[in-house]
Amino acid sequence: MEAEPFADLLAANRRYANSAPRGFDGIAHAGVLMITCMDSRLQPLEMVGLMLGEAKFLRTPGARVTPDALVGCVLGVHLLRVDRILVVHHTKCAAAAADSAGIRERILQVSGLDAGDFDFGTDPDQEGRLTADVALLREHPLVAGRAEVGGFLYDVDTGLLEQRV
């Protein structure tokens, strides 16, 4: 391992700091919050034509509405002017390729490490997960009636977003 594994990123940050946007208030000015996957092929602002400061983004493996993502949604609708929540899954998602047992097996094969009973929250029923996560948000007493919630699938090959729920 190199002596300074983050040196390149810190150097890039110093360059970025010279022109970094300033003066934002932290509000989602377009009223949008998007929960999407951690996959680096997804560019949330660009995919929906928004600019810096217009939306909030939460990234989880497989775009799951985890407890932390739910906290972000509640804070968003009550404190950050969020009135639209998009749950955006995508094609070719590793989190939709297997359930937690399958992911644990892949980790064992790749690293030799046993992940025990670690729950990765993965599920090959991507459509079912999307429907369940959207229902969770639509029905949650701290979100319901405060934001429109939709479930979407982003195609990594075409760049197109399709509403599914």
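Reader: What share of the contacts in the protein with a separation of 6 or more comes from residues 24 or more positions apart?
Author: The share is 65%. Contact here needs heavy atoms within 4.5 Å. Keep in mind that this is a predicted model.

Reader: What elements does the protein have, and in which order do they run?
Author: There are 5 helices and 5 strands. From the N terminus on, the order is α-β-α-β-α-β-α-α-β-β. The C-alpha atoms fill a box of roughly 45 × 45 × 30 Å along the principal axes. Of the 165 residues, 35% count as buried.

Reader: Why is strand β3 called largely enclosed?
Author: Count its residues. Strand β3 covers residues 84-90, and 6 of the 7 are buried, so the rest of the structure largely encloses this strand. Buried means under 20% relative accessible area.

Reader: What makes β1 and β3 a pair?
Author: The bridges do. Pairing takes at least two bridges. Strand β1 (residues 32-37) and β3 have 5 and run parallel, so they count as paired. In this pairing, I35 stands opposite V87.

Reader: How do you know that β3 and β4 pair as well?
Author: Apply the cut-off again. Strand β4 (residues 148-154) shares 7 bridges with β3, in the parallel sense. At least two are needed, so the test is met. Here L86 of β3 stands opposite G150 of β4.

Reader: Why is T60 called buried?
Author: T60 has a relative accessibility of 8%. The limit is under 20%, so T60 counts as buried. The residue lies in strand β2 (residues 55-60). Beyond its neighbours within four places in sequence, T60 is in contact with I35, T36, C37, M38, T66 and A69.

Reader: Why is L136 put in another class?
Author: L136 reaches 35%. Buried stops under 20% and exposed starts over 50%, so L136 counts as partly exposed. L136 lies in helix α5. V65 is 71 residues away in sequence, and the two C-alpha atoms are 8.2 Å apart in space.

Reader: What makes a set of residues a nonpolar core, and which residues have the most contacts inside the largest one?
Author: Members must be buried residues of the listed nonpolar kinds, joined through side-chain atoms within 4.5 Å. The largest core has 18 residues, with I35, I85, V87 and L137 having the most contacts inside it. At least two residues each come from β1, α3 (67-79), β3 and α5 (126-139). Helix α3 gives the largest share, 5 residues. Apart from this core lies another, of 16 residues, including M34, L50, L86 and A95.

Reader: What does I35 touch, leaving aside its neighbours within four places in sequence?
Author: I35 is in contact with L58, T60, A63, R64, V65, A69, C73, L86, V87, V88 and L137. Of these, V87 is the residue opposite I35 in β3.

Reader: How do you know where empty space is left?
Author: A probe the size of a water molecule is rolled over the atoms. The largest pocket holds about 300 Å³ of space.

Reader: What lines the largest pocket?
Author: The lining has 16 residues, with P61, A94, A95, I103 and T122 nearest the centre. Helix α4 (residues 100-111) gives the most, 4 residues. By class, the lining has 11 nonpolar, 2 polar and 3 charged residues. Gly counts as polar in this scheme.

Terms used:
Residues numbered from 1 in each chain as written. Predicted model: local features only at pLDDT ≥ 70, side-chain atom pairs only at ≥ 80, totals over all residues. Heavy atoms only, no water. Buried < 20%, exposed > 50% of the residue type's maximum accessible area, 1.4 Å probe, protein only. 1 Å grid on protein atoms, 1.4 Å probe; cavity = no way out; pocket = protein on both sides within 12 Å on 5 of 7 lines; lining within 4 Å. Points joined across faces, edges and corners; volume = space filled by probe spheres on them.
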